Structures are given as C-alpha cells and as structure tokens.
Amino acid sequence: MSPAAARFSSRKAMASASASLKHGLSLWCPEPPALRRAPQRSSIGLGSFRRSYAAAAFDNENREFVIVGGGNSAGYAARTFVEHGMADGRLCIVSKEAHAPYERPALTKGYLFPLDKKPARLPGFHTCVGSGGERQTAEWYKEKGIEMLYEDPVTSIDIDKQTLTTDSGKLLKYGSLIIATGCTASRFPEKIGGNLPGVHYIRDVADANSLISSWEKAKKLVVVGGGYIGMEVAAAAVAWKLDTTIIFPENHLLQRLFTPSLAQRYEEFYKDNGVKFMKGASIKHLEAGSDGHVCSVKLEDGSMIEADAVVIGIGAKPAVGPFERVGLNSSVGGIQVDSQFRTKIPGIFAIGDVAAFPLKMYDRIARVEHVDHARRSAQHCAKSILTAQTHIYDYLPYFYSRVFEYEGSPRKLWWQFFGDNVGEAIEVGSFDPKIATFWVDSGKLKGVLLESGNPEEFQLLPKLARSQPTVDTTKLRNASSVEEALEIVQQSL
Ligand SMILES: Cc1cc2nc3c(=O)[nH]c(=O)nc-3n(C[C@H](O)[C@H](O)[C@H](O)COP(=O)(O)OP(=O)(O)OC[C@H]3O[C@@H](n4cnc5c(N)ncnc54)[C@H](O)[C@@H]3O)c2cc1C
C-alpha cells in the first residue's frame, strides 16, 4: 500500500471507529490526558544495523528487539517503536494468537452483543483504537516493517545464548526481549467438570467466538464469578435474553472494589433485568448430560442449577510460562521488574499483566491486570529502551467497566475508579442517575469511583486520586448530590 493509501485507510479506520461510537459500540477506554503519542523521533544510534522487511525473512536468526506476546501491551509497545523510528526491520513480535494485537476488554463488551445489535468484530478493535490511536491491523505491522509470527508461542528461552524457541521449532536470537504474555484465565479442574463442552472461559477472540456459538443455542446460562468478567458477561447475556444466574462465593459483586452498599445498587439493576444471584455459594461440580455437554451446576449445599452454557470468570494467572528463570515475584506473582520494566536479566523486560512492578504512589509491589496499565507500561518500557528516558514509572491505578451498552438496553452503565480503595468509604448519590464513592484515609482522599459521570466529572477523578487532598468528611457525607460532592472535593485540591 502506498503511503497515501495508508493514510487514507487509517482515516477510514478512524472514521469507522467514531461511527461505531455513535451506535453505542464504544471500544474507547477513556484515559487521563498524560497518555499521549510521542512525537516522531529518529533512531538514537543503537547501531546502524537495519534490515528491510523483506530481508527479515526467517533465515536470519538475529532480531534486535523481540516482544513475546501479541496482546494489548505488545500493540502499544509496537506503536512506540514506530514513533521512535525503531520498528522497521528491527522489531519482531511472537504471538500465540492468530490476530494482530487488539483491545482485549472489547471481548466481554461490544463483542458479546447479540448478532442483530452490531457486535464489535476484528479488525474494528485492533490496538490502539481504545485510546483514540491508529487501528493497527496485520497490514499496518507489515507496512511498518515489523515481523509478526502468529500462532507460534514461545516455549523456551536460553538466557545465556539469548535465544527463544517457538512451538513450531523456530529459533530466534534477540538483542533485547520484552515479555508481554499477559494472563491466562483460571480454570476449574477437569475432575469437577471444568473442561466439559458448554463450559467457557474468556481470554481471547477464539474463546469469545466459542461462547457466542454456544449462546446461539443456549437458554439457561450460569456465570461463575462476581468480578468484572462475570458482571460484563451477565450484562451481555441479558441482551441475548438468556435465563442467567450469577454464582459466587463472596457476599456481593466485585468485592475487591465495591462497598456492599454500592454492589447492592448494581445487583438490583441486574435483578430488575432478570439476572438471578446466588451469593456466598460454592460450586461442588459441573454435571454433564447424556450427550456429554454441561447440563447443570451443583453447589456444595446440594442445590442444583440447570445450565446449557456456563461461563467461568474466576480470575486469571500471569502467563510466566517459559520465563520463570527470568525472576518471579513470590507475593503478587508475575515477573519482577524495576520501575523501568527491567527484569534482573540485562536486556530482558516485562510489561502489562505479567509484570510485578513498584507501584510508587503506594510504595508496594503490584501486578495490575487492567488495560490502562498495559498501555502505559508498554509505552514507558519501550521509551526507556529506545531513548535516554530514565524517569521511573509512577502509575495511578485506574479501573473501569462498561456494561449494558447495546442498542435498546435499559440503561448504559459506566464507572471509573482511580486510586486506592482504603479507609472510610463515603457514598453520595442514588445510582439513578449517578453515584460516587469516596475513600478517605486519615483525612485524605485516596480513591474515588463514579458511575454515570459526564466527561468533565470523569476527568476530575485522576487529579483527585493523584493529589490526595485533605477533605472535609462531614461536608462530604452531607452532600446532597454527586455534583455537590465533586465540588467539595475539587475545592480541596
Ligand atoms: C475479557 C476481558 C475483558 C477485560 N476488560 C477489561 C476492562 O473492562 N477494563 C480493563 O481495564 N481491563 C480489562 N481487561 C484486562 C486487559 O485486557 C488486560 O489488562 C490487558 O489485555 C493486558 O495486556 P497484556 O498485553 O499484558 O496481555 P494480553 O492482552 O492478555 O496479551 C498477552 C498475549 O500474549 C500471548 N501469549 C501468552 N503466552 C505466550 C507465549 N509463550 N508466546 C507467545 N505469546 C504468548 C497471549 O496469547 C496474548 O495474546 C479485560 C481482560 C479480558 C480477558
């Protein structure tokens, strides 16, 4: 494709992304303004060795930069390599999946819309459309001279020889290596029915396609897990008019973040839309019918829930796979890195979900399984490798979810959270139309969650969580509306 054609195609991609916003298929993850594209920079002299894309065919074992994992963070890292003029003939991405990197959160949002409600499909949500960037299709990687190896996971590493071996037996020698392998969905053991036909996990496009074809025939759905995945899948199932039950062992939805009272608002909304809840429940096993397909879920208390489809959303584990010798973190899991995403092995880096990194703000080591961190860590790491940047990663935790966004839904729900959910939680608002929770510790505002805010209100949240102002808790508790509460905390900035 000529550069002019490429520009045209990228404009078309942007136009189609914004058109899809109009139809409620939004894949845009709002982000604080600091995450911006860097200006184009020229090479900074890491050697004059440059190969044309054609010359980078597989007969040459030497790769200057290799990213293992073709997911969210790999896509953003690739963009940063391109922005710094360091991709063409230098960068190779080794991916387990068949697709160029995409915005993974779409899989439990627009992707699961019923087929008559304009579901999201690739190539619509390749990175970096989720942050308003270019849609990097497989063609984009070719044009930029980035070598992509699809469906060929790395199976081993030889740290001394700086080589990787792939599933198909390819041997790649790397100069610098970025591990971006993300997580894998936690599974139920096979002996309790975790692998039965009709039992689904959702981590990639193949999983989502399998779920959709199951839903085309299903009537009764059980969702196991009351976290993000469970909430998003159950919301989509409402649009499919499935008889849906959510089962989880905790007392309320999203226990890691929501207060009991906030969770209750969401649970009521789901119930009003026909979703049933079994809280504080543990699963004994999943049962198969005479055809071998899952037919019911048996709980520890002996009760049985019929199901012809089951989705398990019980968390994820860092995909450290062949990289254990690179150095793991024993408390949060994943690969230990410093604030430039360097592992203990020179020339090897880790980013995204798999990286255990210093969370400077709260002075602890963390692993963050959220897309905002995947994007930022990728950009920070690539810049640290390619430029003289030495400043440390100073991440502000940011989580969001959006559900019931399909056409004709009773109401779109969209919340964002910034900071740390520690200390006293002060809730303001009635959920309809909006609600906010403020976490205050030792008089300081530590975290804030807002449901159904407007763009200006959402923009205020990172400022509040980052600066942690001292707030008047009595005034905040007495605020009669979310708007008034936000005004009070804004004045304390
Ligand atoms: C269904 C779903 C919904 C989500 N929704 C939200 C949301 O609403 N908000 C939010 O903030 N976050 C959300 N997330 C989390 C977010 O998607 C992740 O934080 C983000 O994708 C992490 O990026 P990553 O590059 O680290 O890992 P991933 O995007 O998971 O990419 C890792 C890639 O590495 C590949 N890989 C693994 N091992 C190997 C190997 N040995 N060799 C080669 N390739 C390998 C994997 O197949 C995968 O393609 C969601 C995640 C899922 C699964």
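Where is the place of Phe-188? In this predicted model, Phe-188 sits in the loop between strand E7 (183-185) and strand E8. Let's begin with that residue and then work towards the ligand.

**Phe-188 and its surroundings**

With a relative accessibility of 13%, Phe-188 counts as buried, because the cut-off for buried is under 20%. Leaving aside residues up to four places away in sequence, Phe-188 touches Gly-194, Tyr-201, Val-224, Ile-283, Leu-286, Ile-312 and Ile-314. His-285 is 97 residues from Phe-188 in sequence, yet their C-alpha atoms are 9.0 Å apart in space.

**Helix H4**

Helix H4 covers residues 205-215, and its buried residues are Val-205, Ala-208, Leu-211, Ile-212, Ser-214 and Trp-215. What do the buried residues of H4 pack against? Their partners are strand E8 (199-200), strand E9 (220-224), helix H5 and strand E15 (309-312).

**Aromatic pairs and a cluster**

If you like aromatic side chains, there is plenty to look at here: the structure holds 26 aromatic pairs. Two of them are set out below.

| Pair | Geometry | Centre to centre | Angle between planes |
|---|---|---|---|
| Tyr-266 and Phe-431 | edge-to-face | 5.0 Å | 75° |
| Phe-341 and Phe-357 | tilted | 6.3 Å | 45° |

Tyr-266 belongs to helix H6 (residues 260-272), while Phe-431 lies in the loop between strand E23 (424-429) and strand E24 (435-441), so this pair ties together parts that are 165 residues apart in sequence. Tyr-266 and Phe-431 are both buried.

For the tilted pair, Phe-341 is found in the loop between strand E17 (335-336) and strand E18 (348-350), and Phe-357 in strand E19 (residues 355-359), so the parts tied together are 16 residues apart in sequence. Here, too, both Phe-341 and Phe-357 are buried.

Tyr-266 and Phe-431 also belong to one aromatic cluster, whose members include Phe-113, Tyr-228, Phe-248, Phe-269, Phe-404, Tyr-406 and Trp-415. Phe-269 is worth a visit of its own. Its place is in helix H6, and at 11% relative accessibility Phe-269 counts as buried. Not counting residues up to four places away in sequence, Phe-269 touches Phe-404, Pro-410, Arg-411, Leu-413 and Phe-431. Arg-411 is 142 residues from Phe-269 along the chain, while the two C-alpha atoms are 9.4 Å apart in space.

**Around the ligand**

Now for the ligand. Which residues come nearest to it? Of the 30 residues around the ligand, these are Ser-73, Glu-97, Arg-104, Lys-109 and Asp-353. Sorted by character, the residues of this shell divide into 11 nonpolar, 11 polar and eight charged.

Oxygen atoms of the ligand take part in several polar contacts. One ligand oxygen is 2.5 Å from an N or O atom in the side chain of Ser-73. The backbone contributes as well: a polar backbone atom of His-370 is 3.1 Å from a ligand oxygen, and a polar backbone atom of Val-371 is also 3.1 Å from a ligand oxygen.

How much of the ligand does the protein bury? Taken alone, the ligand exposes 990 Å², and the protein buries 95% of that. The elements that give two or more residues to the surrounding shell are helix H2 (72-83), helix H5 (228-239) and helix H7 (371-386). Helix H5 thus appears twice in this account: it contributes to the ligand shell, and the buried residues of H4 pack against it.

Note on methods
Residues are numbered from 1 along each chain as its sequence is written. This is a predicted model: local features need pLDDT of at least 70, side-chain atom pairs count only at pLDDT 80 or more; totals for chains, interfaces and linings use all residues. Side-chain values use heavy atoms; hydrogens and water are left out. A residue is near a molecule or strand if one of its heavy atoms lies within 4 Å of it. A polar contact is a pair of N or O atoms within 3.5 Å; within protein, one must be able to donate a hydrogen and the other to accept it, and residues adjacent in sequence count only if both atoms are side-chain atoms. Accessible areas come from the Shrake-Rupley method with a 1.4 Å probe; for residues, only the protein chains shown count as cover. Helices (H or I, at least four residues) and strands (E, at least two) are DSSP runs, numbered from the N terminus. Ala, Val, Leu, Ile, Met, Phe, Trp, Tyr, Cys and Pro count as nonpolar, Asp, Glu, Lys and Arg as charged, and the others, Gly among them, as polar. Buried means under 20% relative accessible area, exposed over 50%, partly exposed in between (1.4 Å probe, protein chains only). Contact means heavy atoms within 4.5 Å. Rings of Phe, Tyr and Trp (its six-membered ring) pair if their centres lie within 6.5 Å; planes under 30 degrees apart count as stacked, over 60 as edge-to-face and the rest as tilted.
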